[in-house]
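Hi,

Here is the structure I said I'd pass along. Have a look, and my notes follow underneath.

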Amino acid sequence: MKFPRVIRLDASDLHVFEQPAEVGEWAVPGSFAFIGVDATALTGKTKIAFASGWLGTQTWGRASLVEVAEIDEAAFHAVIERLAQLFASAYGAPSLVEALPAARAEAEDAAALADHKTGTLLAIEREPGDPEPDGAASFRERVRLITPQRATDHARIWEITSDSEE
């Protein structure tokens with residue numbers, strides 16, 4: 001199974017997010033953190049987290065990019081358990097048992113987003129949406145594939161040869 005894993009191409013995440021995710025931790029979109037939030041009123045690092053942050057499942061920090069990576073069954077179940085604990089401790093789930101279905105759905109959704117070639121980079125974008133009929137805030141979310149240029153895609157500009165003995 002494939003799953004999003006935090007990657008850091010430069011140090012920017014360390015400066016733009018209140019709590020940056022650690023490289024190598026499994027990640028989910030984490031959009032549940034913004035349900036009911038008026039995104040138009042967000043400012044600073046919270047606004048950046050809303051607009052472009054994946055949620056690491058160990059530190060609960062944010063990351064700008066994730067890569068598609070292979071996850072084994074034990075690690076996948078650990079992600080589900082950590083999410084269920086978060087839902088119970090921070091988002092009002094009545095118990096760990098009752099949080100497990102929502103945690104599993106979040107993890108399965110993240111795995112579905114990672115249905116690409118291993119190593120593919122993914123970015124997430126969120127923007128405020130139109131208010132719901134009851135006046136509640138909403139937002140739109142999309143995941144973009146980032147196709148990095150690889151060194152092998154470039155023309156060779158020099159060649160290494162052995163010294164000649166003349």
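What covers the buried residues of H3? The cover includes strand S1 (2–7), strand S2 (27–28), strand S3 (54–56) and helix H4 (96–113). Helices (H or I, at least four residues) and strands (E, at least two) are DSSP runs, numbered from the N terminus.

Before you dig in: this is a predicted model, where local features need pLDDT of at least 70, side-chain atom pairs count only at pLDDT 80 or more, and totals for chains, interfaces and linings use all residues. Residues are numbered from 1 along each chain as its sequence is written, and side-chain values use heavy atoms, with hydrogens and water left out.

Back to H3. Among its buried residues (under 20% relative accessible area, 1.4 Å probe, protein chains only) are Phe-76, Val-79, Ile-80, Leu-83 and Phe-87. The helix has 18 residues (73–90) and should span 26 Å at 1.5 Å a residue, which agrees with its end C-alpha atoms being 26 Å apart; the expected span is 1.5 Å times one less than the number of residues. At the N-terminal end, Asp-72 acts as a cap, with a side-chain oxygen 3.3 Å from the backbone nitrogen of Ala-74. After H3 comes Gly-92, with a positive phi near 80 degrees.

The other spot is Glu-141, in strand S7 (residues 139–146). Leaving aside neighbours within four places in sequence, Glu-141 is in contact (heavy atoms within 4.5 Å) with Pro-29, Ser-31, Ile-124, Glu-125 and Arg-126. Its C-alpha atom is 7.2 Å from that of Ile-124, 17 residues away along the chain.

Cheers

Technical notes:
Buried means under 20% relative accessible area, exposed over 50%, partly exposed in between (1.4 Å probe, protein chains only). A polar contact is a pair of N or O atoms within 3.5 Å; within protein, one must be able to donate a hydrogen and the other to accept it, and residues adjacent in sequence count only if both atoms are side-chain atoms.
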